[in-house]
Amino acid sequence: PLRMCTSAGEALPRAVGEGWSEIWGVDIIDGVGSTEMLHIFLSNRPEDIVYGTSGIPVPGYEVRLVDENDEEVVDGAVGELLVRGPSSAEGYWNRRDKTQDTFQGHWTRSGDKYERNSDGRFVYCGRTDDRFKVSGIWLSSFEVEQALIEHPSVLEAAVVAWSDENGLEKPKAFVVLNGGVDASKVDELKGFVKDQIGMWKYPRWVEVMTDLPKTATGKIQRFKLRLGE
């Protein structure tokens, strides 16, 4: 029998973790690491799992959240995750500019946006390039995607910034539906997201896909959706 499971590649949505645990009676341990750090540096623990979070720092690693001015952000605010630890790379091979942007002293810029809650747990809020402003307020694609996949009709979802008739950016959702679901009812998802996370965050457009473009390791390639590929 299974004793425990782990998740990697992308942040584990809360609904997926809870659904798996309910069906199989085994938890999924979700954490985050990177090639630059070689190692996982944030993680949940056995017997201490909160789905929808990446857990707390792994012993030996330090993390901090900073704004666009590299100032520390308070709990509940979104900032870029910086990490330091003994396994950090020294740089990228023959990519001096990228090395200087990513490796800054003892700290490595992860490119991930996170929020630290009052319990000290870290909640993933998307990549730095997956956030955009709607009505002047920052919105995370990942937050909208999590809301969408909590709907029983949705198997997978990806959200990108899309320009409306006035050239203003709004969320557009690409969804893969569960088998047997009537695609004509996708507009119901807009109201569902409004109720889940807020009136201004709902996707203005919902497009049904047979599958989503992904890398070889299973990460959704949102840039291809933005380009209409």
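Which residue forms a salt bridge with R84, and how far apart are the closest N and O atoms? The partner is E62, and the closest N and O atoms of the two residues are 3.1 Å apart. Please keep in mind while reading that this is a predicted model.

## Salt bridges

Let us stay with that pair for a moment. R84 sits in strand β6 (residues 78–84) and E62 in strand β5 (residues 62–66), so the link joins distant parts of the chain, 22 residues apart. R84 has a relative accessible area of 27% and is partly exposed. E62 is partly exposed as well, because its relative accessibility of 42% falls between the 20% and 50% limits.

A second pair brings R116 together with D75, and here the closest N and O atoms are 2.6 Å apart. R116 belongs to strand β8, while D75 lies in the loop between β5 and β6; the two are 41 residues apart, and the pair links distant parts of the chain. Is R116 buried or exposed? With a relative accessibility of 19%, R116 counts as buried, because the limit for that class is under 20%. D75, at 44%, counts as partly exposed.

E72 and R64 also meet through their side chains in a salt bridge, with 2.9 Å from N to O. The three pairs are set out here.

| Salt bridge | N to O distance |
|---|---|
| R84 and E62 | 3.1 Å |
| E72 and R64 | 2.9 Å |
| R116 and D75 | 2.6 Å |

Elsewhere, R14, E18 and E150 are linked in a network of salt bridges. The count for the structure comes to 15 salt bridges. As general background, side chains of opposite charge can pair when their charged atoms come close.

## The open sheet

Next comes a sheet of four strands. In what order do the strands of this open sheet stand? The order is β1-β2-β3-β4, and the pairing is mixed. β1 and β4 (56–57) are at the edges with a single partner strand each, so one side of each has no neighbour in the sheet. β3 and β4 run antiparallel and are joined by two bridges. Across this pair, S43 stands opposite I56 in β4.

## The largest pocket

Three of these sheet strands, β1 (5–7), β2 (28–33) and β3 (40–43), are among the elements that give two or more residues to the lining of the largest pocket. The others that do so are α2 (96–102), β8 (107–116), β9 (122–127) and α5 (222–226). Which element gives the largest share of this lining? That is β8, with six residues.

The volume of this pocket is about 1,100 Å³. Its lining is made up of 41 residues, and those nearest the centre are G9, D112, Y124, R127 and K219. Sorted by class, the lining holds 12 nonpolar, 16 polar and 13 charged residues.

## The second largest pocket

The second largest pocket contains about 540 Å³ of space. It has 24 lining residues, with P13, V16, I149, L155 and E156 nearest its centre. At least two residues of the lining come from each of α1 (14–24), α3 (141–149) and β12 (154–163). The classes here are 12 nonpolar, five polar and seven charged residues.

Helix α3 also holds E145. Is this residue buried or exposed? E145 counts as buried, because its relative accessibility is 5%. Apart from neighbours within four places in sequence, E145 is in contact with A157, A158, V159 and R222.

## The cavity

Finally, how many cavities of 30 Å³ or more does the structure hold? There is one, and about 40 Å³ of space lies in it. Its lining consists of A11, L12, D30, G52, T53, S54, V123, Y124, F142 and Q146. β9 and α3 each supply at least two of these residues. By class, five of the lining residues are nonpolar, four are polar and one is charged.

Y124 is worth a second look: it is listed in the lining of the cavity, and it is also among the residues nearest the centre of the largest pocket. Helix α3 likewise turns up twice, as a contributor to the lining of the second largest pocket and to that of the cavity.

Definitions and conventions. Residues are numbered from 1 along each chain as its sequence is written. This is a predicted model: local features need pLDDT of at least 70, side-chain atom pairs count only at pLDDT 80 or more; totals for chains, interfaces and linings use all residues. Side-chain values use heavy atoms; hydrogens and water are left out. On a 1 Å grid over the protein atoms alone, a cavity is a set of points where a 1.4 Å probe fits but cannot get out, and a pocket is an open set with protein on both sides within 12 Å along at least five of seven lines; lining residues have an atom within 4 Å of a point. Grid points are joined across faces, edges and corners, and a volume is the space filled by probe spheres set on the points. Ala, Val, Leu, Ile, Met, Phe, Trp, Tyr, Cys and Pro count as nonpolar, Asp, Glu, Lys and Arg as charged, and the others, Gly among them, as polar. Buried means under 20% relative accessible area, exposed over 50%, partly exposed in between (1.4 Å probe, protein chains only). Contact means heavy atoms within 4.5 Å. A salt bridge is a side-chain nitrogen of Lys or Arg within 4 Å of a carboxyl oxygen of Asp or Glu. Two strands pair if DSSP finds at least two bridges between them.
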